[in-house]
Amino acid sequence: MSALGLSLRRIRGVFRRHWYLLTASWPRMLDLVYWPTVQVILWGFITRFLATESSLVANAAGIFLSAVLLWDVLFRGQLGVSLSFLEEMYARHFGHLFTSPLRPYEHVFAVFLIAMIRVSLGVGGAALLAIPIHGFWIGGALGWSTVLFMAVLMGFGWSIGLMISGTVMRLGMGAESLAWAAIFLIQPLSGVFYPIETLPGWVQAIAWCLPTAPVFEGMRAVVIDNRFDTGLFAQALGLLAVWLAIGTGVYALLFRSVRKRGLLLQTGE
């Protein structure tokens, strides 16, 4: 790792700070699993009702619960990155962090790791609870493609989280609400609960620029047609690479601007 200019010791130090912050607070732990669990319980009962009214839902019973859990991977991935930055801003900690030898990209690596833990605890807990409550297991519905879909969505969540974090650092805590709300701008375009062809033609063109569109279309192909569409997955991977580059570039530009203007020492509530 030293050849890449990375220090595992510094990355581990930032990770451990956020790990202790998370695990030492039961309200934070409860918040991780609360909303995913509520969503799974709600959509499970909606699915049971719709299965009596629709042959599509009856034959593909896991379609909504799979969509809810996959969407939460994206949401929790983005929120995990954004919240880690916000925690530092609440504590006015950026000044201390970046006057130390810690590099910005080492901080980002550590934040990605803690975001992965947040997703595993939050979505994993809800997925396990769906087994006794609804008799549903996402691994049984999507098979090995579950991991591939989740990996793409988590990476896309990281890229959005980086852009939001850079924006909040640059504009201040007045932009904090972006961390909670911005992700829902893309939900209608992602085809989470309906096919992309449902959207108007010009909106479809925008939707296919997001990696979420091929992921959720691919999910429906697995659940309804029992096939994994490699073309859709390749498209999702290509778009993910583009969005990760955009997210990293936007964050780097905003971080440079924040440092140049001396805003690192002024962040906080």
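In this predicted model, the largest nonpolar core takes in 71 residues, and Met169 and Met219 are the ones with the most contacts inside it. Helix H4, which spans residues 63-90, supplies the largest share of this core, with 17 residues. As a general backdrop, nonpolar side chains tend to be buried together in soluble globular proteins.

Met219 makes a handy point of entry for anyone browsing the coordinates. Leaving aside residues up to four places away in sequence, Met219 touches Ile63, Ser66, Ala67 and Leu70, together with Leu142, Phe149 and Val192. Apart from the main core there is a second, separate one of five residues, among them Ile196, Leu199, Val203 and Ala213.

Attention then turns to enclosed space. Rolling a probe the size of a water molecule over the atoms shows where empty space is left. With a threshold of 30 Å³ or more, the count comes to one cavity, and the largest cavity holds about 40 Å³ of space. Its lining is made up of Asp31, Leu32, Arg76, Leu79, Gly80, Leu83 and Arg118. Two elements, helix H2 (26-51) and helix H4 (63-90), each give two or more residues to this lining. The largest share, four residues, comes from H4, the helix that also provides the largest share of the 71-residue core.

The chemical make-up of the cavity wall is mixed: three lining residues are nonpolar, one is polar and three are charged. Asp31, Arg76 and Arg118 are the charged members of the lining, while Gly80 counts as the polar one. Leu32, Leu79 and Leu83 account for the nonpolar part.

Key:
Residues are numbered from 1 along each chain as its sequence is written. This is a predicted model: local features need pLDDT of at least 70, side-chain atom pairs count only at pLDDT 80 or more; totals for chains, interfaces and linings use all residues. Side-chain values use heavy atoms; hydrogens and water are left out. On a 1 Å grid over the protein atoms alone, a cavity is a set of points where a 1.4 Å probe fits but cannot get out, and a pocket is an open set with protein on both sides within 12 Å along at least five of seven lines; lining residues have an atom within 4 Å of a point. Grid points are joined across faces, edges and corners, and a volume is the space filled by probe spheres set on the points. A nonpolar core is a set of buried Ala, Val, Leu, Ile, Met, Phe, Trp, Tyr and Cys residues joined through side-chain atoms within 4.5 Å. Buried means under 20% relative accessible area, exposed over 50%, partly exposed in between (1.4 Å probe, protein chains only). Contact means heavy atoms within 4.5 Å.
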